[in-house]
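Take a first look at the chain below. Then follow the text from the overall fold to a few single residues.

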Amino acid sequence: MMKALVTGADRGLGLAFTTLLLKEGWEVFAGQYMVEETGLTTLQAEYGARLHVLPLDVSSDDSVDHALSYVSGLTDSLNLIANIAGIMASTVVEKDPAKRDSPVGDGTIFDPMDSKALLRLFDVNTLGPMRVTNRFVNLLLAAEGDKTLVNISSEAGSIQTPVVERDFLYGYCMSKTALNLQSRFLQRSLAPKGVRVFNIEPGYMKSYIISGTYRAEATVECADTAAGIYKMMKERRDVDGDIYFRFSGEKLEW
C-alpha cells in the first residue's frame with residue numbers, strides 16, 4: 001500500500017488531497033494544525049485505519065520532530081511527502097482587520113512593515129516545507145516504488161512571468177520565490193536517488209489561505225487542484241525534468 005504524509009490537511013487543498021489519496025487506496029498520515037476543523041474526523045470515520053491524524057505545526061521544530069517520531073513508529077517508509085500547509089497574511093502594521101486583510105491593505109514597501117508577520121510567512125511557507133522534508137526524507141528514500149515530493153508554491157513566486165502584479169503582497173511573494181528555489185535545490189539532491197519533485201501552482205482556490213477567510217468568489221475547486229496534482233504524479237515520470245507547473249499541467253517560468 002502506498003503511504004503519504006500530507007501537511008495542512010485540516011481543510012482546503014490539504015483536506016481535498018487527503019480525501020483523494022484515501023479514495024485511491026493510499027494510507028495517509030494527515031498533519032492537523034486546527035483541531036476545531038472536523039473534516040479529518042469525518043474522513044477517519046469512513047476510512048478507519050488508513051488515515052492517521054497527527055498534530056503538526058510546520059513552523060515548529062518540536063512539532064515536526066514529534067510528528068516524525070509518531071510516523072516512524074507506524075511505518076518505515078513513505079512514497080509521498082505533500083507540503084501543502086501555507087498562509088497568506090498581511091505584513092502591514094494595521095489595527096483595522098478590514099484593511100489588514102484586504103489586498104490593497106496588505107501594503108507595499110512604502111507602508112509600515114510588521115517584521116514579525118513577514119518572518120511568519122517565511123517560517124510557514126518556506127522553512128515549513130524544508131523542516132518537514134529534512135526530517136522525513138529518509139522515510140521517503142526507504143520506499144519501494146514511487147518516491148515523490150510535492151511542494152505547493154504559487155505563480156506569485158515567479159520572478160520572470162508573474163500573471164498578476166503582486167507588489168502589495170511582497171512578503172507572500174518572496175516566501176514562495178524562496179520555496180521555488182528550495183524545490184530546485186531538492187530536485188538536484190533527490191533526483192539521483194529516484195525521487196520526483198513537483199513545485200505546484202494550485203490556482204485561485206475556494207479556500208481559506210487568505211487570512212483564514214473563505215474565498216467563495218475563487219475560480220478553482222480544491223478537489224480539482226488535488227486531481228490535477230495526482231494526475232501529474234501518475235503521468236510525469238522524469239526525475240530530472242521540469243517541476244514548476246500549474247495544477248492543470250501548464251509549465252511555469254521561474
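What follows starts with the whole chain and then turns to its parts.

This is a predicted model. The protein chain has eight helices and seven strands. Of its 254 residues, 51% count as buried. Many contacts link distant parts of the sequence: among those with a separation of 6 or more, 66% join residues 24 or more positions apart.

Now turn to helix α1, residues 12-23. How far apart are its end C-alpha atoms? They are 17 Å apart. Twelve residues at 1.5 Å a residue should span 16 Å, so the model agrees with the expected value. The helix is mostly covered, with ten of its twelve residues buried. These include G12, G14, T18 and T19, along with F17 and L21. Just after α1 comes G25, which takes a positive phi of about 95 degrees.

Two residues of α1 lead on to the core. The largest nonpolar core has 33 residues, and F17 and L21 are among those that touch the most other members. L80, V150, I200 and M233 belong to that group too. Helices and strands both feed this core: α1, α2 (39-47) and α8 (222-235) each supply at least two residues, and so do β1 (3-6), β2 (27-32), β4 (80-83), β5 and β6 (196-201). Apart from it lies another core, of 22 residues, with V71, F136, V195 and I243 among them.

F17 shows how such links look from one residue. Beyond its neighbours within four places in sequence, F17 contacts V6, L80, A82 and I84. F17 also contacts A226, I229, Y230 and M233.

Next comes a charged residue. K147 sits in the loop between α6 (127-141) and β5 (148-152). Is K147 buried or exposed? K147 is buried, yet has no salt bridge. The nearest side chain of opposite charge, D146, is 7.9 Å away; a salt bridge needs a distance within 4 Å, so this pair does not qualify. A polar atom of the K147 side chain does lie 3.0 Å from the backbone oxygen of A143. Leaving aside neighbours within four places, K147 is in contact with N79, L140, L141, K193, G194, V195 and R196. One of these, V195, is also a member of the 22-residue core.

Last, find S60 in the loop between β3 (51-55) and α3 (61-72). S60 counts as partly exposed because its relative accessibility is 22%. A polar atom of its side chain lies 3.0 Å from the backbone nitrogen of S63. S60 and V132 are 72 residues apart in sequence, but their C-alpha atoms are 10.0 Å apart in space.

Conventions:
Residues are numbered from 1 along each chain as its sequence is written. This is a predicted model: local features need pLDDT of at least 70, side-chain atom pairs count only at pLDDT 80 or more; totals for chains, interfaces and linings use all residues. Side-chain values use heavy atoms; hydrogens and water are left out. Helices (H or I, at least four residues) and strands (E, at least two) are DSSP runs, numbered from the N terminus. The expected span of a helix is 1.5 Å times one less than its number of residues. Buried means under 20% relative accessible area, exposed over 50%, partly exposed in between (1.4 Å probe, protein chains only). Lys and Arg count as positive and Asp and Glu as negative; His and the chain ends are not counted. A polar contact is a pair of N or O atoms within 3.5 Å; within protein, one must be able to donate a hydrogen and the other to accept it, and residues adjacent in sequence count only if both atoms are side-chain atoms. Contact means heavy atoms within 4.5 Å. A nonpolar core is a set of buried Ala, Val, Leu, Ile, Met, Phe, Trp, Tyr and Cys residues joined through side-chain atoms within 4.5 Å.
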